[in-house]
Amino acid sequence: MTKERHRLCIGCYNLYNVNELIKIKVNNNKIFINPDFYLSGRSAYLCYNMECMFKAKKNRKLEKSLKNKIKISENAWQTLIRVLETREKNLSLTLERIEGN
């Protein structure tokens, strides 16, 4: 018997099964969306709800939850919208690192 893994959506703070969420991971200035491979480090999760994505964008919840000095570009947010609509897997984008602070 396998134990179900649950994670919090950073937009609505509801618990979901891991398979029902979009996994977002940052590694070496790249953002990985729903990676099909293992990456070490911190992850953030969003449910497949457009309102949660807009809340996360408005309040910079993605950047805060990843605890990384990065700026999520508009291109990355557009890709997240596409993932919400199509449920694509294994995407990667380059991020802009914020200097200072």
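A residue is called buried when its relative accessible area is under 20%, exposed when that area is over 50%, and partly exposed in between (1.4 Å probe, protein chains only). The model is predicted: local features need pLDDT of at least 70, side-chain atom pairs count only at pLDDT 80 or more, and totals for chains, interfaces and linings use all residues. Residues are numbered from 1 along each chain as its sequence is written, and side-chain values use heavy atoms, with hydrogens and water left out.

**Exercise 1.** Determine how many disulfides the whole structure holds, and examine Cys 9 and Cys 52.

*Solution.*
Step 1. A disulfide is a pair of cysteine sulfur atoms within 2.5 Å; the search of the whole structure returns 0.
Step 2. For Cys 9, the nearest cysteine sulfur belongs to Cys 47, 3.6 Å away, and Cys 9 is in no disulfide.
Step 3. The closest cysteine sulfur to that of Cys 52 is also in Cys 47, at 3.4 Å, which is too far for a bond.
Step 4. Cys 52 has a relative accessible area of 2% and is therefore buried; Cys 9, at 0%, is buried as well.

**Exercise 2.** Describe the surroundings and the pairing of strand E3 (residues 21-27).

*Solution.*
Step 1. Strands (E, at least two residues) are DSSP runs, numbered from the N terminus, and two strands pair if DSSP finds at least two bridges between them.
Step 2. Strand E5 (residues 43-47) runs antiparallel to E3 and is joined to E3 by 5 bridges; here Lys 23 faces Tyr 45.
Step 3. Strand E4 (residues 30-33) pairs with E3 through 4 bridges, again antiparallel, and Ile 24 lies opposite Ile 33.
Step 4. Between E3 and E4 the hairpin has 2 residues, and Asn 28 adopts a positive phi near 50 degrees.
Step 5. Because 5 of its 7 residues are buried, E3 is largely enclosed by the rest of the structure.
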